[in-house]
Every structure is written in C-alpha cells, then in structure tokens.
Amino acid sequence: LLPIIQRYRLGEKEMLGDRGEWLPLLTGEVPDQRQRDWLLGVCLKMSGSMDQRRVSTAKRLVEEAERYIREAREEIAGSLKVKEKEILFTSGGTESNNMALIGTALANQRAGKHIISTRIEHASVYQPLAFLESLGFEVTYLSVDSEGHISLEELEQSIRPDTILVSVMYVNNEIGAIEPVEEIASLVHGKGKNIIFHVDAIQAYGKIVIRPKKQGIDLLSVS
C-alpha cells in the first residue's frame, strides 16, 4: 500500500468537474504509475513455484515477503497513528467489515444483541448484518437527510442498554457524504462505555486524515 493517492482530497470542489460530473477518485481510481511499476516488479520477482527454486533461494524470498509485510504494517500504522500490532491484514475491505461486525457481535452477545447502523451502508456491511439478524440479533437502521448525513438525535434515541455495536460508514461510496465520526463516537461512548464503534473507512483512507484513537474509533476497516 503506497499513500500516493493522498494527493486527492475530498470536498465538493475536488469531487465535481467543471460541468458538475462526479469524478471517481475513491477506491475506483486508477493506481499511480509508480505503484503499478513497483507491484509488477514484486510479482515478477516473487513468481515461480517453490519446487522450481533452491531451498536457499526460497528462504530468501520468504524473508523478503515478510519484509514487505512488515514495512506495509509500519507504514499503515504510522499513517493512522496506531500500534503496529493493532493492524490486521485481510483479503480486502469486505472481509474486514465481515470480521469486525460478525466477530464483535458474537464475542459480545452476552451483553446484548442490539446493533445500530445506517441505511446507506455498503453491501459488505448490510450482508453481515442480515446474517446476524438471522441469528437473533436486532439491527436499527438510521435514516439520513437529503445530503446523506445521519441524525445524531436519532442515534442517541436508538441506543439501548443492550446495544453492543454501532457501525457507520465514514464516506459514502455513491454520494460522497462524510459522516460526523467524532461526534458519533463521543455520543456512543458517552451513552455506553462498552459499546464498540466500528467505522467503514474504505472510501476515506488516503484521502482524509484518520486518527482512530483521537477520534474515538474502536474498529476501523480500510482498503
């Protein structure tokens, strides 16, 4: 993961062209040429099955792969100002959201089975929530206004003694709405210290500054 795409910043002027068309500068953006060259070089260097290589060469490649992972972990942790051990790698954003939602719900179900999310989440959030509902969990879906923002008042009214998880998308993948994450975190933790606040920041990471600890985010999915 290279932070080259950080040159793109979210905002109405950045996201809309002269004629008002929507510019796909989020996860669908074409990677920078330097990223493509680096990735291609790594793939070519690491290609070939182990039975085609000497043991000494194979060992060197394994060590090099570990170095790539270690450097990626260090860079990502540094960008978020978190500890390296707090970074977990998955196959992508979908698995990250699945792990965060299902893992948190099942691990905390003795404390309650109520979850809060919104009506504008990605399918990688909706589907795990639907699965949890089939297991007996209850999900409250918050509505949004004309600009895609949730109501903090509705959120506060929705939190119950048995609420264990709140999951809100940071930046919407279709309309670009940016949710007030810090205000949400403050409200959630103020109402229940044991409530886990998960943020799907897959459309936000690399474009806006994210500081999970400072912003009160317990679980963060990025890609």
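Helix α4 covers residues 93–107, and its 15 residues should span 21 Å at 1.5 Å a residue; the end C-alpha atoms are 21 Å apart, which agrees. The expected span of a helix is 1.5 Å times one less than its number of residues. Helices (H or I, at least four residues) and strands (E, at least two) are DSSP runs, numbered from the N terminus. The model is predicted: local features need pLDDT of at least 70 and side-chain atom pairs pLDDT 80 or more, while totals for chains, interfaces and linings use all residues. Residues are numbered from 1 along each chain as its sequence is written, and side-chain values use heavy atoms, with hydrogens and water left out.

Within α4, the buried residues (under 20% relative accessible area, 1.4 Å probe, protein chains only; exposed is over 50%, partly exposed in between) are G93, S96, N97, A100, L101, I102, T104 and A105. An α-helix has 3.6 residues a turn, so residues three or four places apart point the same way. The cover over the buried residues of α4, through contacts (heavy atoms within 4.5 Å), includes β1 (114–118), α5 (123–134), β3 (163–169), β4 (196–200) and β5 (219–221).

Two of these covering elements, β1 and α5, also belong to a right-handed β-α-β unit completed by β2. Right-handed here means that, with the strands pointing away from the viewer, the path from the first strand over the helix to the second runs clockwise. Strands β1 and β2 (residues 138–142) run parallel and are joined by five bridges; two strands pair if DSSP finds at least two bridges between them. In this pairing, I116 stands opposite T140 of β2.

The structure also holds two aromatic pairs. Rings of Phe, Tyr and Trp (its six-membered ring) pair if their centres lie within 6.5 Å; planes under 30 degrees apart count as stacked, over 60 as edge-to-face and the rest as tilted. W38 and Y68 are edge-to-face, at 5.7 Å centre to centre and 85° between the planes. This pair links helix α2 (residues 33–46), which holds W38, to helix α3 (residues 55–80), which holds Y68, across 30 residues. W38 counts as partly exposed because its relative accessibility is 40%, whereas Y68, at 18%, counts as buried. Y126 and Y141 form a tilted pair, 6.0 Å centre to centre with 50° between the planes. Y126 lies in α5 and Y141 in β2, so this pair ties together parts that are 15 residues apart in sequence.
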